[in-house]
Amino acid sequence: MKNIFLIACLLLSASAQAQQGKIKTAPTNVSGVMTPMPQKGYFLLQHHGQMDTVKVANDGTFKMAIQQNEAGYYNIVSGKQSIGLYLLPLDNFKMTLNANMLANNPKFEGNSAVYCNYLATQKTNDNTNAFFGKMSTMNPDAFMQQMDSTKKVMSTLLEVESAKHKFITPFVASERSALDYAQANAYLLYKYQKEEAKTNDLPAQIAERAMTGDLNNETMRFHDQFLNYATNLINYKANIKYDAEANQTYTRYCELKVDEVCATVKSQVNRDVIFQNVMNQILQEAGTQDIRKAVVKFENCCTDEKLKTRIRRVMAQYTSIYPGELAPDAVCFDSTGKTMHLSDFRGKVIYIDTWATWCGPCKREIPELKKLEAEYHGKNVEFISISTDQNVGTWKSFIAKQEMSGLQLHQSEKMEESVSKLYMVNSIPRFIVIDEEGKIVSSDAPRPSSGTQVRDMLNTELAD
């Protein structure tokens with residue numbers, strides 16, 4: 001299976017008890033400036049599995065009041081970059097950030113500043129992720145020595161900074177646990193890579209250290225290191241069972257992942273949080289494959305009603321493009337600006353190519369698509385190429401210069417009625433086949449270059 005391991009942090013947050021215990025909820029005032037201003041005019045604040053949008057004014061300033069009765073971890077996310085924060089209740093916290101390089105010398109002011117500075121320093125000094133790319137070439141002894149050395153450096157950093165700044169006890173305990181989960185995650189990945197390379201004589205310490213992480217530690221359940229490890233361990237165990245089965249389909253793998261969460265994680269609150277990562281992974285990779293059985297199992301095992309509602313909403317989109325369903329009526333326009341709907345072509349078999357002028361694989365399919373169109377000329381098939389280009393002028397110039405055949409359309413600029421939205425086109429090229437009754441045959445059909453596969457599908461529909 002590909003994408004077994006979730007190496008990058010999914011940017012969920014962690015919580016910890018304040019040193020004096022719970023206090024009456026009051027706002028932690030957070031303000032600052034981000035320059036240059038984010039392109040979208042906002043950034044995201046992620047915490048406790050939630051995500052809030054924080055608007056940034058034209059001058060780059062922002063402010064927010066966070067209701068918290070205990071100290072906790074937060075993440076500021078702008079594009080693909082993020083900064084980890086640890087905020088104390090009732091603080092007046094200020095930040096100076098760079099939107100293009102968030103981790104590049106951020107400045108913090110307030111009682112929480114020493115914690116945030118530590119997290120930034122830790123991120124700079126932690127070399128664990130640097131070994132992911134070369135793990136497969138390291139012998140076990142060298143790998144274990146490197147991991148021991150890394151943990152010693154990071155543990156020393158924590159103890160020195162804690163003594164210097166008098167960190168609160170919950171933060172120190174959480175960070176110590178986070179180091180353990182990071183180590184276990186590295187060992188798990190190393191074990192997986194070596195097993196994939198058919199290295200079966202690994203020292204027992206490798207497996208022992210890979211399996212030491214406690215998935216029922218409720219204090220750590222929102223911490224990114226915990227979640228990385230938990231998600232990878234679930235994937236690893238599911239993959240072992242998958243390899244032993246005759247039914248090796250992605251849909252079955254999804255079911256095994258859900259089963260593993262239910263069987264391995266005894267704490268219901270941890271189970272619900274881990275499900276956020278596992279189900280996000282499943283949905284991102286499912287494409288057009290039918291994962292309804294996995295979703296039913298998830299619903300029976302999860303008690304987080306908000307998460308279940310969100311998964312149901314996404315699944316409603318997925319099921320709308322399963323074979324046999326009435327094809328969503330996407331809106332397009334041609335090079336003259338004339339509006340068309342996919343339903344306008346009902347009565348014909350439709351072969352849709354979703355593409356863009358900047359997409360190399362898309363352009364490599366064009367010669368084969370032209371051959372296919374010529375071969376089926378005069379038959380009851382409509383070949384429609386739907387561009388997803390942002391620049392309509394670039395699209396018009398390209399189709400004219402390349403003398404594109406078939407019907408050339410551009411998707412609607414209103415996202416809610418576009419092909420990208422209605423058919424969940426997350427990567428291109430994607431080909432779609434709709435039958436004469438306007439029902440989905442395949443929303444991830446064979447490419448023109450597939451040869452007999454695409455022709456067999458079209459011929460079957462024309463013969464019906």
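This report walks through the cysteines, the nonpolar cores and one sheet of a predicted model.

## About the model

Because the structure is predicted, local features need pLDDT of at least 70 and side-chain atom pairs count only at pLDDT 80 or more, while totals for chains, interfaces and linings use all residues. Residues are numbered from 1 along each chain as its sequence is written, and side-chain values use heavy atoms, leaving out hydrogens and water.

## Two disulfides

Let's start with the cysteines. A disulfide is a covalent bond between the sulfur atoms of two cysteines; here, a pair of cysteine sulfur atoms within 2.5 Å is counted as one. How many disulfides does a search of the whole structure find? The search finds two.

One of them joins Cys262 to Cys301, with an S to S distance of 2.2 Å. This pair links distant parts of the chain, 39 residues apart: Cys262 sits in helix α6 (residues 250-264) and Cys301 in helix α8 (residues 292-301). Helices and strands here are DSSP runs numbered from the N terminus, with H or I over at least four residues for a helix and E over at least two for a strand. Are these two cysteines buried or exposed? The cut-offs are relative accessible areas: under 20% is buried, over 50% is exposed, and in between is partly exposed (1.4 Å probe, protein chains only). Cys262 is partly exposed at 23%, whereas Cys301 is buried at 9%.

The other disulfide is formed by Cys359 and Cys362, whose sulfur atoms are 2.4 Å apart. The torsion about their S-S bond is about 80°, so this disulfide is right-handed. Cys359 is buried at 4% relative accessibility, and Cys362 is buried at 1%. With the bonded cysteines numbered in sequence order, the pairing is 1-2, 3-4.

## Cysteines without a partner

Cys254 is in no disulfide, and the nearest cysteine sulfur, that of Cys262, is 14 Å away. Cys254 is buried, with a relative accessible area of 0%.

Why does Cys302 not bond to Cys301? The closest cysteine sulfur to that of Cys302 is the one in Cys301, but at 7.6 Å it is too far for a bond. Cys302 is buried as well, at 3%.

## Nonpolar cores

A nonpolar core is a set of buried Ala, Val, Leu, Ile, Met, Phe, Trp, Tyr and Cys residues joined through side-chain atoms within 4.5 Å. The largest one has 86 residues, and Phe143, Ile274 and Tyr423 are among those with the most contacts inside it. Another core, of 20 residues, lies apart from it and includes Phe43, Leu45, Ile76 and Met95.

Contact means heavy atoms within 4.5 Å. Leaving aside residues up to four places away in sequence, Tyr423 touches several residues, including Ile321, Pro328, Leu342 and Arg430.

## A sheet of seven strands

Strands of a sheet pair through backbone hydrogen bonds, either parallel or antiparallel. For two strands to pair here, DSSP must find at least two bridges between them. One open sheet has seven strands in the order β10-β9-β13-β12-β11-β14-β15, with mixed pairing. Its edge strands, β10 (339-341) and β15 (440-442), each pair on one side only.

Inside this order, β11 (residues 349-355) and β14 (residues 430-434) pair in the antiparallel sense over five bridges. Tyr351 has Val433 of β14 as its bridge partner.
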